[in-house]
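Here is a walk through one model, starting with a strand pairing and working outwards to the whole chain. Keep the viewer open as you read.

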Amino acid sequence: MTACDEAGIRAHGILAFDGADPSRRAAARDRHIAAIGRFAADGTLLLGLPLHSPEGRSRGSLMIIAAGDEAGVVAYLAREPFAAEGVWQEIACRPIRIPALPFRPWPAMESPMPSGRGHTILVAEGEAGVQRLGPSAAAGTLCFAAETLDAPGAILVTAHGGDAAALSWVASEPSLAACRWTPHATVFRPLPYHPLPGMR
């Protein structure tokens with residue numbers, strides 16, 4: 001279960017990177033897609049997105065899971081085909097807090113699968129005031145935000161279709177400008193996610 005407090009909900013963010021053999025991902029892909037559909041429906045998976053290179057090649061995954069401790073993370077990874085079948089070769093699990101911001105709803109289940117990059121994942125090192133990003137969430141620029149609890153930082157998902165636009169946006173936000181950012185291209189797969197606190 002995910003722990004809630006006045007500042008939002010506590011969960012874990014998994015940043016996982018594929019090994020050198022792309023055939024592993026291809027072989028496990030159908031099982032992974034079926035699994036994340038189940039995990040989203042039962043509330044285990046709060047958000048799951050691929051990490052792509054700017055050219056569109058798969059490099060890994062960002063999984064936000066409703067696990068309050070390391071035991072919950074281990075249990076999730078044991079059921080995740082990309083982890084169990086060795087697709088992910090580098091896995092970092094970080095405790096996070098997701099603030100209650102007025103995020104717009106994510107793509108509904110009946111939405112078509114996007115044909116290309118539509119969003120950007122931004123991983124920050126440094127103090128990031130994500131709780132002050134309500135206006136960007138309400139405007140639809142910010143689709144997801146969490147602060148990392150093991151070290152100062154953040155994980156954001158924005159509606160920018162390119163790295164330059166995403167990095168320009170964070171540079172313009174006073175609460176984010178001092179961070180060091182790593183962008184990743186991504187795309188939203190419609191899944192039966194449970195709404196986040198504050199989501200309209």
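Start with Ile 121, whose bridge partner in β8 is Val 157. This is a predicted model, by the way, so treat every distance below as a property of the prediction. The pairing of Ile 121 with Val 157 belongs to a bigger pattern: β6 and strand β8 (residues 153-158) run antiparallel and are joined by six bridges. Strand β6 also pairs with β9, again antiparallel, through seven bridges. One place to look for that second pairing is Leu 122, which stands opposite Pro 183 in β9.

How much of β6 is buried? Six of the seven residues of this strand (residues 119-125) are, so the rest of the structure largely encloses β6.

Now step across to Thr 182, which sits in strand β9 (residues 180-186). Set aside the residues within four places in sequence, and Thr 182 touches Ile 121, Leu 122 and Val 123. Take Val 123: along the sequence, 59 residues separate it from Thr 182, yet their C-alpha atoms are 5.2 Å apart. Is Thr 182 buried or exposed? Neither label quite fits, because its relative accessible area is 40%, which makes Thr 182 partly exposed.

Next, hop over to helix α2 (residues 70-79). Its buried residues are Val 73, Tyr 76 and Leu 77. They span an arc of only 95° around the axis, so they lie on the same side of α2. The spacing makes sense in general terms: an α-helix has 3.6 residues a turn, so residues three or four places apart point the same way. On the other side of α2 you'll find Ala 71, Val 74 and Ala 78, which are exposed.

What do the buried residues of α2 pack against? Their partners are β2 (8-18), α1 (22-41), β3 (45-52), β4 (58-65), α3 (81-84) and β5 (88-98). At the start of α2 there is also a detail worth zooming in on: a side-chain oxygen of Asp 69 comes to within 3.3 Å of the backbone nitrogen of Ala 71.

One of those partners, β4, holds Ser 61. With a relative accessible area of 3%, Ser 61 counts as buried, because the cut-off is under 20%. Its side chain makes a polar contact with the side chain of Arg 25 at 3.4 Å, and another polar contact, of 3.2 Å, links the side chains of Ser 61 and Trp 88. Beyond its neighbours within four places in sequence, Ser 61 is in contact with a longer list of residues, including Ile 14, Leu 15, Leu 49 and Phe 82.

UniProt, in an unreviewed entry, places the feature "domain: YCII-related" at residues 23-95. Over that stretch the chain is 45% helix and 33% strand, with its end C-alpha atoms 31 Å apart.

Finally, zoom out. The protein chain has five helices and nine strands, in the order β-β-α-β-β-α-α-β-β-α-β-β-α-β along the sequence. Of its 200 residues, 50% count as buried. Among contacts with a separation of 6 or more, 78% come from residues 24 or more positions apart. The C-alpha atoms fill a box of roughly 45 × 35 × 35 Å along the principal axes. Why call the overall dimensions those of a compact globule? Because a compact globule of 200 residues would have a radius of gyration near 16 Å, and the protein chain has 16 Å, which agrees.

Note on methods. Residues are numbered from 1 along each chain as its sequence is written. This is a predicted model: local features need pLDDT of at least 70, side-chain atom pairs count only at pLDDT 80 or more; totals for chains, interfaces and linings use all residues. Side-chain values use heavy atoms; hydrogens and water are left out. Helices (H or I, at least four residues) and strands (E, at least two) are DSSP runs, numbered from the N terminus. Buried means under 20% relative accessible area, exposed over 50%, partly exposed in between (1.4 Å probe, protein chains only). Contact means heavy atoms within 4.5 Å. The arc is that of the directions from the helix axis to the C-beta atoms. A polar contact is a pair of N or O atoms within 3.5 Å; within protein, one must be able to donate a hydrogen and the other to accept it, and residues adjacent in sequence count only if both atoms are side-chain atoms. Two strands pair if DSSP finds at least two bridges between them. UniProt positions are given in the numbering used here, feature names are shortened, and annotations may be inferred rather than shown by experiment. The radius of gyration is taken over C-alpha atoms; the globule rule is 2.2 Å times the number of residues to the power 0.38.
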